[in-house]
There are 2 protein chains.
Amino acid sequence: MVETGAPAAKRGRRTDGGQAKEAIEQAARRLFADHGFDRTSVRQVALAAGVDPMLVTHYFKTKAGLFAAVVQPPVDPALAITFVLEEGPDHAGERLAHFVLRTLEDPDSQKWIVAMVRAATAEPEVAAVVRERMVVPMLIPLAEAVGASDPEYRATLVMTQLIGLAVGRYVLQVEPLASRPAQEVAADLAGTFQRYLTGSLSGSEVGES
Amino acid sequence: MVETGAPAAKRGRRTDGGQAKEAIEQAARRLFADHGFDRTSVRQVALAAGVDPMLVTHYFKTKAGLFAAVVQPPVDPALAITFVLEEGPDHAGERLAHFVLRTLEDPDSQKWIVAMVRAATAEPEVAAVVRERMVVPMLIPLAEAVGASDPEYRATLVMTQLIGLAVGRYVLQVEPLASRPAQEVAADLAGTFQRYLTGSLSGSEVGES
């Protein structure tokens, strides 16, 4: 473990390679989660990590780069996909909905997803993080696994409902959505996820309604 | 029209009641739209309006209050509801989807919806604006008009898909969603809106799948 402010370390500057990088990442993870992307500065991260701000820039280029480096989906994509597909493609929507709600109801996971959505919404530079961390490793493979056409587009449709849920229920906390039991919300979103994953889409089958 | 910086006006301070308020609102509308909620300060609005910052606080209390006062849905709720219901409840989802896409594709409307979602996501104090400006005047009456149970909850489900679409396609601009023709996206969202408006929900009819 890195001991920030330990007397043995040279004050205000660390040059001990990997250890400094790790200290920066730990501090960033905590500050971004507690204060959000906007209200966390590179200077604050450096201070909390006990390093020179230049070192943060050296390792991560920008604040957005630092955010992208430390934000991690709170779930293992491979495990998520396995869970969602356990009862076959016909139940994927239902299982995905329950998986999403269970994940979002967990305070730690929720904190991270909310932080990611907030940061991406505020900062176009961070937007790519959503695609890299959520769409590419989890939603596209899931859409591919159910065997439907146009998996990349289906994955982004699923993403819209997922983000909308996170924003509406956990960020804006709009009622009555915010206090509705998670199981009920999951059941009501299941059909949407199922249709986006396996239903017929307008573009792929022209003329179909 | 208020002429900001007109030589006749006393520099740096306006005490001419309604006119100053209007100047503040005009400046706020422009600055919020151009720079977003986070990057616009009360001081900047006051400067652009040619008034003392204290006057902004006097009229609108906080920056969030000012934002709530000037942000207006780019559509008339009554007209929107009439349009969506023109072909009856069975086509409400389809018509709502096309209405939403058409509105979001319009650059001015898009600017405002994106600004509203961004501000609400960044600032919990602004979150109520989404409910007051979008859910209460438009989505709840729409859900009530189609005659389904639990209209307030249905309205918030519709809201989640609407916000998710706005964030995914216009803020994050995730591909391939961002460049998919609006007509196709509308067709693919239609079923979701229809189900949220008129489909059976888990909570209202217990035991139903």
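**Two copies, one shared surface**

Hi everyone. Let's start with symmetry: a turn of 180 degrees and a shift of 0.0 Å along the axis lay chain A on chain B with an RMSD of 0.0 Å. The two copies are therefore related as by a two-fold rotation axis. If you want to find that axis on the screen, look for Gly164(A), whose C-alpha is the nearest to the axis in chain A, at 1.9 Å. Please keep in mind that this is a predicted model.

Now, how do the copies meet? Of the interface residues of chain A, 100% are also interface residues in chain B, so the copies meet through the same surface. In residue terms, 43 residues of chain A are in contact with 43 residues of chain B.

What about area? The size of an interface is often given as the accessible area lost when the parts come together. Here chains A and B bury about 3700 Å² between them, with 58% of it on carbon and sulfur atoms. Which three residues give the most on the chain A side? They are Thr121(A), Tyr153(A) and Asp188(A), and together they supply 18% of the area that chain A buries against chain B.

Let's turn to the polar side of the interface. Between chain A and chain B there are 20 residue pairs in polar contact, counting pairs with both residues at pLDDT 80 or more. The elements of chain A that each give two or more residues to the side touching chain B are α7 (107-122), α8 (124-145), α9 (151-171) and α10 (182-198). Of the residues on that side, α9(A) brings the largest share, 13 residues. By character, the side of chain A that touches chain B divides into 21 nonpolar, 10 polar and 12 charged residues.

There are also 2 salt bridges between the chains. In one of them, Arg180(B) pairs with Asp150(A), and their closest N and O atoms are 2.8 Å apart.

Arg180(B) leads me to one last residue, Arg169(B). You'll find Arg169(B) in helix α9 of chain B, residues 151-171. Is Arg169(B) buried or exposed? Its relative accessible area is 5%, so Arg169(B) counts as buried. And what does its side chain reach? One partner is the backbone oxygen of Leu177(B), at 2.9 Å. Another is the backbone oxygen of Arg180(B), which lies 2.6 Å from a polar atom of the Arg169(B) side chain. Beyond its neighbours within four places in sequence, Arg169(B) is in contact with residues including Leu101(B), Glu105(B), Pro181(B) and Val185(B).

That's my tour. Thanks for listening!

Note on methods:
Residues are numbered from 1 along each chain as its sequence is written. Chains are lettered from A and ligands numbered from 1 in the order in which they are written. This is a predicted model: local features need pLDDT of at least 70, side-chain atom pairs count only at pLDDT 80 or more; totals for chains, interfaces and linings use all residues. Side-chain values use heavy atoms; hydrogens and water are left out. Contact means heavy atoms within 4.5 Å. Buried area is the accessible area (1.4 Å probe) that two parts lose on being put together, summed over both. A salt bridge is a side-chain nitrogen of Lys or Arg within 4 Å of a carboxyl oxygen of Asp or Glu. A polar contact is a pair of N or O atoms within 3.5 Å; within protein, one must be able to donate a hydrogen and the other to accept it, and residues adjacent in sequence count only if both atoms are side-chain atoms. Helices (H or I, at least four residues) and strands (E, at least two) are DSSP runs, numbered from the N terminus. Ala, Val, Leu, Ile, Met, Phe, Trp, Tyr, Cys and Pro count as nonpolar, Asp, Glu, Lys and Arg as charged, and the others, Gly among them, as polar. Copies are superposed by least squares on the C-alpha atoms of residues with pLDDT of at least 70 in both. Buried means under 20% relative accessible area, exposed over 50%, partly exposed in between (1.4 Å probe, protein chains only).
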